[in-house]
Each structure stands twice: as structure tokens, then as C-alpha cells.
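Here is a short tour for someone meeting this structure for the first time. Keep the sequence and the 3D view side by side while you read.

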Amino acid sequence: MEWDAHTLQVLELDYVRQEWAKRADTPFGREHALARELSRDETLIALRLQETDDAVRLLQREPPPPVRGFEPRPALLKAEKGGALSPEELLSVQQLLHTARLYKSHLLPRAERYPTLAQHAERLHTLSALEKQIGQCIAPSGEVLDTASERLAQLRRDQQRLHRRISEELQRLIHALRDALQEPHYTIRGGRYCLPVRSDSRGRVKGIVHDASASGATLFIEPEPLIELGNRLRELQAAEREEIDAILYGLSRAVEAEMDALRETLDALTQLDAALAAGRLALDWDCTMPALNTQGEWKLRKARHPMIPRAQVQPIDLELGREWLGVLITGPNTGGKTVSLKTLGLLTLMTLLGLHIPAREGSRIAIPNGIYADIGDEQSLQQSLSTFSGHLRHIIRYLTQAGRHSLVLLDELGAGTDPTEGAALARAILQTLLEREARVVATTHYGELKAFAYRHPQLINAAMEFDLETLQPTYRLLMGAPGASHAIEIARRLGLPERVARLATESLGVQEATLTEMIQELERARRNAEAAETEWRTRLRALDEREARLNAERAALEQDKQTYKQRLQQEQEYALAQIRAEAEQILRQLRQAPRESKQTAQLREQLTTLITQARAQNERAAAPPSPGQPIEWQKGMRVRIRSLNKEGTLADAPRDGRVSVFVGKLRSEFPLSDLEPLPDAPPKSPPTRYTKPRPPQPVPMELDLHGMRVEDAQPLLEKYLDDALLAGYNSVRINHGKGTGALRAMVHAYLKTHPQVRQYHPAPIGDGGEGVTIVLFRGR
């Protein structure tokens with residue numbers, strides 16, 4: 001079924017096609033954009049839309065290489081018919097292959113991200129041998145290169161040598177015949193080298209006269225010594241032309257041999273260029289990909305007519321086909337009713353072409369069985385048609401063609417004739433189309449049709465919003481309510497005398513006046529409801545933000561609680577580890593002591609103290625909080641919150657076992673059982689300290705093991721380190737020498753396992769180097 005030509009014209013589809021074509025890089029891409037057929041095939045439309053979507057993302061993220069405009073189609077047609085291609089035509093074929101190679105290498109590695117474009121790229125034939133062959137024979141300027149054949153190169157070398165001989169002979173003759181020449185230069189006449197000889201000196205120069213000046217004073221003579229050279233030059237030039245013709249013919253046949261691959265490559269590039277042009281159009285117009293359906297359902301979200309500048313257009317929301325089959329739009333003149341019809345129709349046509357539409361995400365477009373639009377003034381003096389007759393002629397045709405899921409757009413339905421008969425005719429037309437389950441959007445000023453739409457179960461009223469305060473249209477489409485024409489109010493604003501406006505108001509029928517007042521009241525009520533809804537949504541948004549903020553603060557407090565517990569556990573484990581290390585050191589010293597002495601008694605006393613500290617640490621970790629004496633809670637009292645391990649200040653007096661507490665700037669409520677009072681200046685309990693007894697003799701800062709055996713040196717090393725620790729040293733030096741490295745290996749192995757050694761390293765080069773090891777103990 002063909003698409004209605006009048007509909008495509010009034011919806012101005014050609015404008016979209018032209019804008020699409022302008023964004024193509026190649027002539028064949030532009031022609032495709034102008035000629036692509038509208039489709040009813042859901043699979044094909046979905047594929048085209050996805051191609052456009054892939055092109056949009058490709059252009060945004062990984063733009064393809066630019067393509068210079070070229071036209072290879074005449075060359076391919078000529079080669080296909082057996083003709084010889086010119087250098088320029090061969091260059092167009094080379095450009096086709098070069099572009100195919102660039103696009104294929106760009107798209108195939110990205111096939112997963114742009115699958116529909118990659119499908120076209122797979123059809124591109126690079127034909128590297130043919131591209132290289134043309135490049136070796138034809139320069140970008142169109143000249144046939146010497147590298148095209150050895151014979152061509154030889155012919156050109158012969159010509160160059162001959163030109164030099166001719167030039168040398170000419171210079172000799174010019175010098176010898178200077179007095180007989182009009183000017184001391186040579187010229188070319190008919191491809192022959194000539195001298196400008198004065199006519200009165202003709203006898204002095206033997207040769208062939210090829211031309212003469214207009215006055216006859218100068219004769220252009222090819223001197224006799226140059227005739228044979230000139231003939232030979234002509235022969236070489238003819239041979240060169242023959243060789244060039246043979247080269248071009250051979251290249252043409254090479255092109256012809258790859259014709260099928262070249263045709264497929266051209267078609268694939270055409271599709272790619274058109275898709276990328278559609279992507280550029282979508283980006284320029286801020287379009288989105290609509291969702292398709294075959295159930296006759298339309299939903300436009302903030303849709304814009306592409307012909308109206310974005311800064312001026314008012315987006316519309318429109319639904320059709322799901323809950324109702326028809327929409328009747330009413331409102332003032334120049335209020336946007338016709339633009340709404342055209343927007344729906346044109347965006348549907350764009351979708352059927354595979355183009356994205358200027359609307360928000362979530363818009364849906366149905367694939368209609370046909371689109372029929374009657375929009376604009378159909379008056380024609382040439383055909384003796386009135387406006388009413390012109391409209392009716394199209395509507396009668398639509399009534400015979402429109403069916404289920406067809407989209408019918410009717411502007412000013414029933415206008416141009418008697419209002420009563422026009423309204424009756426409009427009702428009948430709407431009823432007939434709705435019975436056929438067509439989707440109908442119509443505009444009107446008739447009050448009877450507003451009532452008809454209100455009562456009909458498959459029709460809904462819609463209105464173009466009108467600001468009663470400024471008496472200006474806002475161009476917003478409002479679904480669900482009829483609109484008034486506001487003709488009298490607009491006339492008043494334009495300067496109609498008040499007496500005339502009042503008479504017009506009084507002349508309205510009671511029913512019409514009541515309906516107009518009702519519509520105006522409904523419009524005021526709707527605007528008030530919208531204002532109230534806006535205020536309610538603002539408050540709700542503020543409450544949501546406050547709730548989110550409180551939840552974040554509560555989560556932060558809970559995180560602090562968990563962090564405190566983890567830190568408390570880590571501190572306890574660290575304290576116990578320290579006590580264990582100290583106890584192990586004391587036990588080792590006791591084992592090494594030769595006999596009981598004052599020193600061993602001190603060590604045993606320290607060990608008893610460490611055991612007591614460890615027991616106290618375990619009891620503090622396991623003991624529950626002990627109940628204290630009754631507490632008098634007062635506002636301003638400093639407290640500790642056990643669950644959070646944070647300090648705070650009472651915000652007020654307790655009530656029902658709970659109280660508000662300021663924790664920093666945050667005020668929260670806690671049970672009294674979770675609080676414990678704090679003194680004004682809580683004293684800090686000093687850490688338990690103990691002193692290590694000093695050894696009876698002073699301990700040197702360096703142990704010298706140089707020259708000793710490993711088995712003799714290790715006991716000395718162990719005792720020296722224990723003595724140094726008891727002496728309170730932070731670091732010592734072990735002199736083990738370099739030698740075989742056995743002593744150094746023993747020393748480093750023992751230091752690596754010693755619990756009190758924090759770090760060890762060789763001494764500086766000037767202070768012993770690798771023969772001395774510096775030992776650093778853990779902090780005391």
C-alpha cells in the first residue's frame with residue numbers, strides 16, 4: 001500500500017529528509033537519505049533505529065575517520081560496460097577502496113559495541129592489490145606515473161633527452177641568426193619548435209613556415225636542423241599516448257573484474273554513510289530512540305517539532321491508542337493545535353524511516369497501517385474549490401482507506417461551512433473512524449464536539465493552555481479537559497471596543513456561555529491544582545532529603561560504634577601481646593641467671609606484676625558495667641554513651657527513662673541505661689610502669705665476634721643482646737667481620753627471629769661496611 005502523498009507533503013517530511021541528507025559525507029549517502037522508503041516492517045524499522053543508535057554512540061565516543069566527498073558510480077558503470085576509465089575515474093575507485101579499508105579497520109574491532117554498523121563493515125571489500133595498483137599508476141593529481149610501466153618510463157626519458165638536444169640546437173641557432181630574428185627567443189606553433197624570423201630575412205633561415213603574425217612582419221619558421229628532431233619527438237609523444245591508453249585500459253579491466261565486490265562495497269558504504277548522517281541529525285536535534293509497537297499506541301514525552309527553533313518550541317505530551325482511540329484538541333487560534341498534529345505525524349514518519357525523534361526517553365511510536373493528514377488551507381481558485389470542499393475531498397478519500405491502527409490527523413474538522421451542519425458532519429466522521437478502530441487526533445472550535453468527546457468512551461478532550469491573566473497562549477497541550485477559544489478575550493486585547501465585546505458576550509447562547517464559563521473555571525481549578533501539586537512535591541522532596549540526611553547520620557553513628565568496638569579489641573590484643581613479650585624476656589633472663597641473686601628477685605617481682613596486669617586486662621574486657629548509686633540527672637551534665645563510646649551533654653531533664661543528648665551538633669535520644677555520668681575533669685590514670693634492673697657490670701656499645709667460630713659466637717651474641725636490653729640501649733653494633741660470611745649469616749638469622757629487634761642493617765662504608773651490623777631495638 002502506497003503512502004498518501006498529500007499527507008507526506010503537509011507533514012513536511014521533505015524537510016527532515018533534506019536535513020538528514022545535508023549531514024551525509026558522500027553523494028550516494030545523500031541520495032539514500034532522500035530516497036529511503038518508509039517502512040511498515042517492524043523488524044526493519046527496529047534494525048534501522050538500532051543503526052542510528054549505534055551511530056550516535058560511535059560519533060560520541062569513537063568517531064570514525066572523516067570521508068572526503070567522492071563519486072565512483074559513473075566510473076563503475078563505465079567499467080562495467082567495457083569502457084576505459086580516465087585517471088580521475090580510477091582515482092574515485094581508489095578512494096572508494098581507501099574509505100572501505102579505513103571504515104572496516106575502525107568498525108570490526110568494535111563489533112561488540114556497534115553490531116549493526118559492523119554488519120555493514122563486514123560487507124566492505126578492501127581489495128588491497130587493486131588499490132595499490134591504481135596508486136602505483138595514477139598520481140593524486142591525475143597524472144599517469146612513470147612507475148605505471150617500464151616502457152612508459154623509457155619513452156619519457158627519451159623525450160627528455162630529445163628536448164635537451166632541441167633546446168641546445170635552438171640556442172645555437174638563436175645566437176647565429178640574431179640579426180634575422182624579431183626576438184631572441186623561440187616559440188611553439190602546432191607542437192613544433194619555431195624561431196620568430198623577420199619577413200625580410202626569410203632567405204637567411206631555411207626551414208618550414210608554420211605561422212605568421214597578423215601584420216605579416218614575423219614568420220614562425222621551424223629551422224631545417226630541427227625538422228627531423230621534431231618528427232622524432234612527435235613519434236615519442238604518440239607512443240607515450242598509446243602506452244598511457246594501454247595502462248588505463250588494463251586498470252579498467254582490473255576494476256571490471258572486481259565489479260561484484262565493488263558494488264557490494266559501495267552499497268555497504270552507502271548504508272554506513274546514511275546511518276552516520278542519521279546519528280549526526282539525532283545529536284544536533286537532541287533526539288532519542290522511540291520504543292516501537294504494533295498495537296496502535298502512541299506516547300510522546302516532551303516532543304518537539306523539529307522545524308521550530310528549540311528555544312521557541314513548547315514540548316508536548318500526548319497519549320493515544322491505549323485508553324482512548326481519539327483525541328479532540330480545542331483552544332484558541334495560534335495556540336499550537338496544528339503544531340501538535342504535525343508533531344505527532346512527523347515524528348511517526350521519522351520513526352518509520354529509522355530516525356530518532358526529538359522527544360524524551362520513554363516515548364512510544366506505533367507502526368500504523370497508514371497515515372492520513374488533512375492540515376492547512378485547501379482553498380483553490382484554479383480548481384474552484386472552497387476551503388470546506390478542499391478539506392472534504394481529502395477526508396472522503398481517507399474514509400475509504402483508513403482502517404484499524406491507521407493514524408488520521410484532521411485540522412479544524414467541519415470548519416468552512418454552517419456551524420451546525422459542520423459540527424454534525426464532524427461527529428459522523430469521528431464516529432465512523434472510531435468504529436474502524438483508527439487512531440484519530442482532530443482539532444476544532446465547536447462546542448458540540450467538546451460535549452461529544454466528553455460522552456464518547458473512546459474519545460478524550462485535550463486543550464491548548466491559555467493564560468487568562470496575560471490572555472496569551474502557552475502552547476502546552478493538556479490532556480483530559482476541553483479548551484475555550486477565548487475569541488472575545490483576544491479581541492478585547494487586540495483593541496476591540498468594549499461595547500462591541502460586551503454585545504458579543506451577550507449574544508452568546510445561554511448554553512454556549514455556560515459552557516465557556518465552565519471551561520474557564522475548570523482551567524482555573526486545574527492551574528490551582530497544579531500549583532498545589534508543585535508545592536506538595538517540593539515539601540515532599542524536602543522531607544525525603546531530611547530523612548536521607550538523618551539516615552546517613554544514624555548510619556555514621558552506628559559505624560562509629562562498630563569502629564570503637566574494633567579499636568577496643570585491637571588495643572586489648574596489643575596490650576596483651578606487649579605483656580606476653582615482656583614476660584618472655586624476663587623468663588629468658590631467669591633461665592640464663594647462674595644462681596639466685598638480688599637481680600633474679602627483681603625479675604620475679606616484675607613477672608608477678610605482669611601476670612596481675614594481664615588478669616586485670618581480661619577482667620575489664622569481660623566484666624559487665626556495674627550498677628552504681630542513684631544518679632541525679634541534670635540538664636548540662638556531661639555523660640558518656642556506652643553504645644557509641646562518645647561523650648555528650650544532656651539537652652534537658654530525663655522523661656520516661658529516656659533523655660536527649662547533644663553529641664557534637666547532633667541531638668539524639670538515648671535510654672538512661674546507656675549513659676554514665678562523667679566528672680568535670682576526669683583524671684587520666686597513668687600507665688603501669690616497671691623498671692628493669694641494670695646488670696652488675698657496664699655493657700659495651702659494640703660486641704666484637706671477629707675471628708670466632710659460629711658455635712662459640714652465638715651464645716655470646718644472645719647474652720650480649722639481653723644485657724643491652726636490660727641496660728636500656730636503643731641500638732648496638734655487632735662486629736662480625738667479612739671473611740667467609742658465615743658469622744654474618746648466623747648473626748642476621750638470629751636477629752631476624754629476636755622479638756625485641758626492630759631493624760638491622762650494615763654499617764656505613766666508612767664505619768665498617770658489610771663487616772659490622774647495626775641493631776635497632778623496639779621502642780622502650
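## Salt bridges, a helix and a sheet

At 42% relative accessibility, E31 is partly exposed. This is a predicted model. The side chain of E31 meets that of R73 in a salt bridge, at 2.8 Å from N to O. E31 sits in helix α3 and R73 in helix α5 (residues 73–80), so the pair ties together parts that are 42 residues apart in sequence. R73 is partly exposed as well, with a relative accessible area of 23%.

How many salt bridges does the count come to? The count comes to 43. Three of them are set out here.

| Pair | Closest N to O distance |
|---|---|
| E31 and R73 | 2.8 Å |
| R101 and E131 | 2.8 Å |
| E533 and R537 | 2.9 Å |

Take R101 and E131, which form a salt bridge. R101 lies in helix α6 and E131 in helix α8, so this bridge ties together parts that are 30 residues apart in sequence. R101 is partly exposed, at 31% relative accessibility. E131 is buried, at 10%.

E533 and R537 are both in helix α18 (residues 510–592). They are 4 residues apart, about one turn of the helix. E533 is partly exposed at 38% relative accessibility. R537 is partly exposed too, with a relative accessible area of 45%.

Salt bridges can also join into networks. One such network links E19, K22, R23 and D284.

Now go back to E131 and its helix. Which residues of α8 (residues 128–137) are buried? They are L130, E131, I134 and C137. These residues cover an arc of only 135° around the axis, which puts them on the same side of α8. On the other side, A129 and K132 are exposed. The cover over the buried residues of α8 includes α6 (87–107) and α10 (224–257).

A loop residue comes next. T26 is found between α2 (13–22) and α3 (27–35). Is T26 buried or exposed? T26 is buried, with a relative accessible area of 3%. Leaving aside neighbours within four places in sequence, T26 is in contact with V67, F70 and D273.

The last stop is the sheet. Strands of a sheet pair through backbone hydrogen bonds, either parallel or antiparallel. Here, 4 strands form an open sheet with antiparallel pairing, in the order β1-β2-β4-β3. Which strands stand at the edges? They are β1 (187–189) and β3 (207–212). Each has a single partner strand, so one side of each is left without a neighbour in the sheet. From one strand to the next, the twist averages 50°.

Look at one pairing. β1 and β2 (residues 192–198) pair in the antiparallel sense over 3 bridges. I188 stands opposite Y193 in β2.

Helices pack on this sheet. Helix α9 (residues 150–176) lies across β2 and β4 (218–223). α9 runs at about 10° to β2. α10 also packs on the sheet, where α10 touches β2, β3 and β4. The direction of α10 makes about 70° with that of β4. α10 thus appears twice in this tour: α10 is part of what covers the buried residues of α8, and α10 packs on the sheet.

Technical notes
Residues are numbered from 1 along each chain as its sequence is written. This is a predicted model: local features need pLDDT of at least 70, side-chain atom pairs count only at pLDDT 80 or more; totals for chains, interfaces and linings use all residues. Side-chain values use heavy atoms; hydrogens and water are left out. Buried means under 20% relative accessible area, exposed over 50%, partly exposed in between (1.4 Å probe, protein chains only). Helices (H or I, at least four residues) and strands (E, at least two) are DSSP runs, numbered from the N terminus. The arc is that of the directions from the helix axis to the C-beta atoms. Contact means heavy atoms within 4.5 Å. A salt bridge is a side-chain nitrogen of Lys or Arg within 4 Å of a carboxyl oxygen of Asp or Glu. Two strands pair if DSSP finds at least two bridges between them. Axes are lines fitted to C-alpha atoms, for helices over the stretch in contact, and angles run from 0 to 180 degrees between N-to-C directions.
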